[in-house]
Amino acid sequence: MIVLDGPSHPGRVLKDHYLDPLNMSAGALATRTELSVALLVHLVKGETGMTAEIAVRLARFFSTAPEYWMNLQRNYDLHEARRRVDITRIEPLKGA
């Protein structure tokens with residue numbers, strides 16, 4: 001059984017659910033999507049995030065929606081912020 005501790009980085013999803021099953025390298029994907037190899041390598045390693053431009057290109061290539069890729073990034077970012085940011089001293093606005 002696999003236990004996840006939060007949403008996966010979109011680069012991990014790209015690697016595990018798209019590149020690996022297709023036996024495709026970041027270089028091959030870069031050529032087919034007109035993105036740089038370095039950018040895709042950094043994305044797959046989780047060193048950079050999904051951008052709207054990358055999302056549009058991946059969506060076209062994989063026949064998905066750009067929103068799919070952007071939502072992966074949003075969910076990952078929110079999870080990381082909730083884990084990292086201390087909000088205990090912020091008092092919620094009352095009566096609004």
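Gly46 counts as partly exposed because its relative accessibility is 35%; the class lies between buried, under 20% relative accessible area, and exposed, over 50% (1.4 Å probe, protein chains only). Gly46 sits in the loop between helix H3 (37–44) and H4. Pro10 is 36 residues away from Gly46 in sequence, yet the two C-alpha atoms are 7.7 Å apart in space.

This is a predicted model, where local features need pLDDT of at least 70 and side-chain atom pairs count only at pLDDT 80 or more, while totals for chains, interfaces and linings use all residues. Residues are numbered from 1 along each chain as its sequence is written, and side-chain values use heavy atoms, with hydrogens and water left out.

Helices here are DSSP runs (H or I, at least four residues), numbered from the N terminus.

**Buried faces**

Two helices have their buried residues listed below.

| Helix | Buried residues | Arc around the axis |
|---|---|---|
| H2 (residues 26–33) | Ala26, Leu29, Ala30, Thr33 | 105° |
| H4 (residues 52–62) | Ile54, Ala55, Leu58, Ala59, Phe62 | 130° |

The arc is that of the directions from the helix axis to the C-beta atoms. In H2 the buried residues cover an arc of only 105°, so they lie on the same side of the helix. Thr31 and Arg32 are exposed on the other side of H2. The buried residues of H2 pack against helix H1 (10–22), H3 and H4. Contact means heavy atoms within 4.5 Å. Just after H2 comes Glu34, with a positive phi of about 60°.

H4 follows a like plan. Its buried residues cover an arc of only 130°, which puts them on the same side of H4. The cover over these residues includes H1, H2, H3 and H5. Ser63 follows H4, and its phi is positive, near 55°.

**H4 against H5**

H4 packs with helix H5 (residues 66–84) at an angle of about 130°, and the axes are 7 Å apart. Axes are lines fitted to C-alpha atoms over the stretch in contact, and angles run from 0 to 180 degrees between N-to-C directions. The two helices are therefore oblique to each other: the angle is not under 35 degrees (roughly parallel), over 145 (roughly antiparallel) or 65 to 115 (roughly perpendicular). On the H4 side, the contact is made by Ala52, Ala55, Val56, Leu58, Ala59 and Phe62. H5 brings Pro66, Trp69 and Met70. By class, the contact has nine nonpolar residues, no polar and no charged ones. Ala, Val, Leu, Ile, Met, Phe, Trp, Tyr, Cys and Pro count as nonpolar, Asp, Glu, Lys and Arg as charged, and the others, Gly among them, as polar.
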